[in-house]
Structures are given as C-alpha cells and as structure tokens.
Amino acid sequence: MASPNADESMPLPTPQPSQQSPVPEPVRMSVFLQPANSKSKHRSANKLFGKFRAIIRSFPIFVPSCKMPTMNDTIIHGTRITGTLFGYQKGRVNLAFQEDSKCQPFLILELAIATGKLLQDMGMGLNRIALECEKHSINDKTKIIDEPLWNLFCNGKKVGYGVKRDPTESDLNVMQMLHAVSVAVGVLPDEMSDPQDGELSYMRAHFERVIGSKDSETYYMVVPDGNHNGPELSVFFVRI
C-alpha cells in the first residue's frame, strides 16, 4: 500500500494578517474655549473711543510712502485682545483674533501670504497688512469684520485676497493648545505638521483694537517693554 502523499498529509498554513504600520490618527484635543461674546465689550469700547474718533480718522489707512504712527508717536487707546498668526510653513497664513486667549476666536481670516514668508518679514521690521472692500448702502448693517472677502495688501503691494471663515476643528485645536500662551513665537508639535507644507508655526501677541468708524478698524501689535521701534505688525480693515 502506497504511503500517503506528503502534501496531502500536512495541514495548510493558517493565513496571517499582513503586518502594516499603524496609521497615526490626527491630533485631537478637548476644546474648552469660552464662546466669544464681544457685544458688551464693543459697546463699552465705542463709548471709550468716542472722543478719539476724530484723531483716528486722520490716521493714514494705507500709504506705503508715509510713516505709519507708532506707539511712541501717538498714544493709542483701544481694547486689548489676543492675536495669533498660524499656519504651515509653506501654506497660507491664518490670522485669528480672540477677546482673550481662553475664548473662541471672533474673527479668523485666511490670507494669501505664505506663513514662513510673513514670519520672516516680521523679523526684519514693521509690516503693514491692509484689507479693503467696497462700502455698502447706508442702510446696510454689516459689521466691517463680518465682510466675507477682502483685497489684501502687504507693505503696499497687492498680494491677493483675504477670506473670512468659520473656525475649523483644527483651528480650535491650535487655540486650545495655545490657551495658556500670551506672547510667543514657535512651532507646534511634530504630529501637527504636514508632509507637504511643513511645520505648523505660530506667532501670538497682544493687539490694540481701535475702531475708527463703522468702515474702519485697526489692530496694532503691542510690542514688549523695552522695544522702542513701534509695533511689528499693524492690520487695517477699511471699506472704501
């Protein structure tokens, strides 16, 4: 009697699951930021600014050849808020304003400027960003910071557009991660980087928000004590 074939007597190997590297999940944080509630502050700010409006309206909105007023030239009184520039090094920069660092942003703009380029330029001196749009009819009640689209100028040169958008989950993660930071420049953890656009960089500072009229607002960066060269960044919103 012939012996059984070896191939028939041996059990088939059990298929093993393929070994694959686990795909990292996106960084998610529990967001505990307080809702933005700027109405009451706007009312008190408007009363405070009443006697300064005549002076504020005389400020140059955006004239590249003229010298912009600095904190040493003119005493600017306004509401102090938190401003954050953030974005991937090779991607577009985002600008967020909060009533304070523990609140959700009341304004987020995506600007047609590379994050790395803007942060580099800011290290070299004063930078001026102007956002312009057309005026509406007299009866239109749209607040200037609620405009959806802006012509964007940086240091006198038109560079594209600024777009207002609602905060995304990623935006709120950044704000939550920085909630204890008041003034700083840095890079967020590696897991928040993008393979193509690079590191997620940020710059946070205090700004003075000055309301000139219903068609103009200005945000002046507050420089640290001991720096007598004026603000490094001024952001102008104007309807023309």
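Which residue takes a positive phi in the hairpin of β5 and β6? The residue is Asn 155, with a phi near 55°, in a hairpin that has two residues between its strands. The points below concern a predicted model.

1. Overall make-up. The protein contains five helices and 10 strands. Its chain has 240 residues, of which 41% count as buried. The accessible surface comes to about 14300 Å², and carbon and sulfur atoms account for 53% of that area. As for the contacts between residues at least 6 apart in sequence, 60% join residues at least 24 apart.

2. Pairing around β6. Strand β6 covers residues 157-164 and pairs with strand β3, residues 107-114, in the antiparallel sense over three bridges. Within this pairing, Leu 109 stands opposite Lys 164 of β6. Strand β6 also pairs with strand β5, residues 149-154, again in the antiparallel sense, over six bridges. Here Leu 152 faces Gly 160 of β6 as its opposite residue. The hairpin of β5 and β6 is the one in which Asn 155 has the positive phi described at the outset.

3. The largest nonpolar core. This core has 28 residues, and the members that touch the most others are Phe 97, Ile 129, Leu 131, Tyr 219 and Phe 237. Strand β3 gives the most to the core, contributing four residues. A second core, separate from this one, comprises 12 residues, among them Ile 108, Leu 172, Leu 178 and Tyr 202.

4. Surroundings of Tyr 219. When neighbours within four places in sequence are left aside, the contacts of Tyr 219 include the nonpolar residues Ile 81, Phe 97, Phe 106, Ile 145 and Phe 207. Its contacts also include Glu 208, Arg 209 and Ser 234, together with Leu 233, Val 235 and Phe 237. Of these partners, Phe 97 and Phe 237 are named with Tyr 219 among the residues that touch the most other members of the largest core.

5. Ala 130 and Leu 149. Ala 130 has its place in strand β4, residues 127-133. Is Ala 130 buried or exposed? Ala 130 counts as buried because its relative accessibility is 0%, the cut-off for burial being under 20%. Its C-alpha lies 9.6 Å from that of Lys 157, a residue 27 positions away in sequence. Leu 149, in strand β5, counts as partly exposed because its relative accessibility is 46%. Leu 149 joins Tyr 161 and Val 163 in a nonpolar surface patch of about 270 Å².

6. Salt bridge between Arg 80 and Glu 208. The protein has 11 salt bridges in total. In one of them Arg 80 pairs with Glu 208, the closest N and O atoms being 3.4 Å apart. Arg 80 belongs to strand β1, residues 79-88, and Glu 208 to strand β8, residues 200-213, so the bridge ties together parts 128 residues apart in sequence. The two partners differ in burial class: Arg 80 is partly exposed at a relative accessible area of 47%, while Glu 208 counts as buried at 9% relative accessibility. Glu 208 is also one of the residues in contact with Tyr 219.

7. Salt bridge between Glu 110 and Arg 165. The closest N and O atoms of this pair are 3.6 Å apart. Glu 110 is in strand β3, whereas Arg 165 is in the loop between β6 and α5 (169-177), so the pair ties together parts 55 residues apart in sequence. Glu 110 counts as partly exposed because its relative accessibility is 27%.

8. A salt bridge within a helix. Lys 117 and Asp 121 form a salt bridge whose closest N and O atoms are 2.7 Å apart. Why are the two residues separated by about one helical turn? Both lie in helix α4, residues 115-122, and they are four residues apart, which means a separation of about one helical turn. Lys 117 is partly exposed, with a relative accessible area of 46%. Asp 121, by contrast, is buried, with a relative accessible area of 18%, a value that falls under the 20% cut-off.

9. A network of charged residues. Lys 135, Glu 147, Lys 214, Asp 215 and Arg 239 are linked through salt bridges into a network.

Note on methods:
Residues are numbered from 1 along each chain as its sequence is written. This is a predicted model: local features need pLDDT of at least 70, side-chain atom pairs count only at pLDDT 80 or more; totals for chains, interfaces and linings use all residues. Side-chain values use heavy atoms; hydrogens and water are left out. Two strands pair if DSSP finds at least two bridges between them. A nonpolar core is a set of buried Ala, Val, Leu, Ile, Met, Phe, Trp, Tyr and Cys residues joined through side-chain atoms within 4.5 Å. Buried means under 20% relative accessible area, exposed over 50%, partly exposed in between (1.4 Å probe, protein chains only). Contact means heavy atoms within 4.5 Å. Patches are made of residues with over 30% relative accessible area and no salt bridge: like charges are joined within 9 Å, nonpolar side chains (Val, Leu, Ile, Met, Phe, Trp, Tyr) within 5 Å. Accessible areas come from the Shrake-Rupley method with a 1.4 Å probe; for residues, only the protein chains shown count as cover. A salt bridge is a side-chain nitrogen of Lys or Arg within 4 Å of a carboxyl oxygen of Asp or Glu.
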